[in-house]
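Q: Could you take me through one part of this model in some detail? I would like to look closely at the sheet and at what lies around it.

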Amino acid sequence: MFKSILVPIDLADTDLAKPAIATATTLSQNWSGSVRLLNVLPMTPVMLAEYVPADFDEQQRQTSEEALAIVARESGIDAAHISSVVRQGGIYHEILEEAAHMKADLIVMTSHRPAMRTYFLGSNAGHVVRYAKCSVLVVRH
């Protein structure tokens, strides 16, 4: 049923992603599916561009790719069934774009328990749930 699973990960808080990775691992093994880990890097603000090295974005991307490779190895998923990608932009927009690009059957993501501010402002998980074209499983942390 779920052959292609996308798992967005915030590399600044990999502990938050562990329940989503564990869930995706179980689902992918049960359905003989594949998992793609995604990290979204924010755009470097124009006003900061002159204060960072010229290759700052490339360094960020390389660091993220290396960190995702470690997370993939530690996930317990066979290397043939897991991949990773780093995108740059708005978080929920890039999650939705990657899900469409890979034709994901399911997005598995972790979310903090809702706070009062997220009821009014929304969250990345909330946007993904509302606008995704595939099923979304939000694992509460």
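A: Here is a walk through the sheet, its helices and a patch on the surface. Please keep in mind that this is a predicted model.

Let's start with the strands. The sheet is open and built from five strands, which run in the order 3-2-1-4-5 with parallel pairing. Its edges are strand 3 (82–88) and strand 5 (135–140), each of which has a pairing partner on one side only. From one strand to the next, the twist averages 25 degrees.

For a closer view, take strand 1 (residues 4–8) and strand 2 (residues 34–41), which pair in the parallel sense over five bridges. Within this pair, Ile5 of strand 1 stands opposite Val35 in strand 2.

Now add the helices. Helix 1 (residues 14–31) packs on the sheet and touches strand 1, strand 2, strand 4 (106–111) and strand 5. The direction of helix 1 makes about 155 degrees with that of strand 4. Helix 3 (residues 91–102) packs on the sheet as well, touching strand 1, strand 2, strand 3 and strand 4. Here the direction of helix 3 makes about 150 degrees with that of strand 2.

Finally, follow the chain to the loop between strand 2 and helix 2 (56–74), where you will find Tyr51. Tyr51 counts as exposed because its relative accessibility is 62%, and the cut-off for exposed is over 50%. Together with Met47 and Leu48, Tyr51 forms a nonpolar patch on the surface, and the three have about 400 Å² of accessible area together.

Terms used. Residues numbered from 1 in each chain as written. Predicted model: local features only at pLDDT ≥ 70, side-chain atom pairs only at ≥ 80, totals over all residues. Heavy atoms only, no water. Pairing = 2+ DSSP bridges. Helix = DSSP H or I, 4+ residues; strand = E, 2+ residues; numbered from the N terminus. Axes fitted to C-alpha atoms, helices over the stretch in contact; angles between N-to-C directions. Contact = heavy atoms within 4.5 Å. Patch = residues over 30% accessible without salt bridge, like charges linked within 9 Å, V, L, I, M, F, W, Y side chains within 5 Å. Areas by Shrake-Rupley, 256 points an atom, 1.4 Å probe, with all protein chains shown as cover. Salt bridge = Lys/Arg side-chain N within 4 Å of Asp/Glu carboxyl O. Buried < 20%, exposed > 50% of the residue type's maximum accessible area, 1.4 Å probe, protein only.
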